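Biologist: I would like a close look at a single part of this model. Please keep to what can be computed from the atoms.

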Amino acid sequence: MAGKVTTATLRALKARGERAVFLTAYDYPTATFADRAGADLLLVGDSAANTVLGLKSTVEIGMTEMLIFAAAVARAAKRAFVIGDLPFLSYQPSDESAILNAGAFIQRGCDAVKCEGGQRVAQRVRAMTDAGIAVMGHLGLTPQSMAQLGGYRVQGKTRDAAERIREDARALEEAGAFSILLEAIPPEAAAYIRDAVDIPVYGIGAGPYLDGQLVISHDLLGSFVGDIAPRFVRRYTNVGAIVEEAFRAYADDVRAGRFPAPEHWYSLSEPIVPTAVAV
Ligand code: KIV
């Protein structure tokens, strides 16, 4: 598919029953590779707190760090639709904070923003969409509310719980959200929620019956350093092991004097006799 992905493209994919490919990215090279590989959406997630910064929780990352990551990803994305993740306390306090912080992502080149919550953030979503900003909602396991949820727990497991998320999805659509992301919800409940709205509904750990799938790129690539290992991840390679092996080989070469070799040296324009040559 040629041209930049837009909200219209995403609606068209859903209408044709084609699944959108959604990945996280936090830096220029990863976003470039994902874009070249044909990802439709890139999320500059606040999961950067865990994946890139080595923090324990997403509530520890703020706008300053997020905007640097977002600008790098937006620069790289020639085709993919880029979503900046509003960090904790960047949209909860007031409509004004939501508009200003969402606007900062858009000014850095993002196409949209994402925020966590349903009915309780519907007013903020309305304020941002009224300001002309495309907003994705995020329901189910919402890491910024981890303490309230009691940990990394699957959501929507009972009829009542699924019903509440379905109401939240409706509230987000009503408030103008262009799409919704469902996290850690059983597939049948996720499909039930998807059926309640007309906008695209994507999933991470929410089963196959959705309009597209998100995976955290570090999980897929095997470059996540930490204890979180969700069952919904499929690892496609082991970048961590590959990188570590390359660093070990370099260390061995330096210590053994095999690096640098003559092909890595610059030549002189005229002879100079060195005063000291390390052998
Ligand atoms: O920050 C992020 O990557 C996210 C996903 C886990 C949904 O919000």
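Biologist: How many Å is an oxygen atom of the ligand from an N or O atom in the side chain of Asp 85? Please describe the surroundings of the ligand as well, and then the cysteines.

Modeller: The model is predicted. In it, the separation between an N or O atom of the Asp 85 side chain and an oxygen atom of the ligand is 3.1 Å. Two further side chains offer a polar atom to a ligand oxygen: that of Ser 47 at 2.5 Å, and that of Asp 46 at 2.9 Å. On its own the ligand has 260 Å² of accessible area, and the protein covers 97% of this.

Asp 46, Ser 47 and Asp 85 belong to a shell of 13 residues around the ligand, and they are among those that come nearest, together with Gly 45 and Lys 114. Sorted by class, the shell contains 4 charged, 4 polar and 5 nonpolar residues. As for location, the ligand sits in the largest pocket.

Now the cysteines. The whole structure, when searched, yields 0 disulfides. For Cys 110, the closest cysteine sulfur is that of Cys 115, and the two sulfurs do not form a bond because 14 Å is too far, given a cut-off of 2.5 Å. Seen from the other side, Cys 115 is likewise in no disulfide, with the sulfur of Cys 110 as its nearest cysteine sulfur, 14 Å away. Cys 110 has a relative accessibility of 5%, so this residue counts as buried. Cys 115 also counts as buried, because its relative accessibility is 1%, where the limit for that class is under 20%.

Methods:
Residues are numbered from 1 along each chain as its sequence is written. This is a predicted model: local features need pLDDT of at least 70, side-chain atom pairs count only at pLDDT 80 or more; totals for chains, interfaces and linings use all residues. Side-chain values use heavy atoms; hydrogens and water are left out. A residue is near a molecule or strand if one of its heavy atoms lies within 4 Å of it. A polar contact is a pair of N or O atoms within 3.5 Å; within protein, one must be able to donate a hydrogen and the other to accept it, and residues adjacent in sequence count only if both atoms are side-chain atoms. Accessible areas come from the Shrake-Rupley method with a 1.4 Å probe; for residues, only the protein chains shown count as cover. On a 1 Å grid over the protein atoms alone, a cavity is a set of points where a 1.4 Å probe fits but cannot get out, and a pocket is an open set with protein on both sides within 12 Å along at least five of seven lines; lining residues have an atom within 4 Å of a point. A molecule sits in a cavity or pocket if more than half of its atoms lie within 2 Å of its grid points. Ala, Val, Leu, Ile, Met, Phe, Trp, Tyr, Cys and Pro count as nonpolar, Asp, Glu, Lys and Arg as charged, and the others, Gly among them, as polar. Buried means under 20% relative accessible area, exposed over 50%, partly exposed in between (1.4 Å probe, protein chains only).
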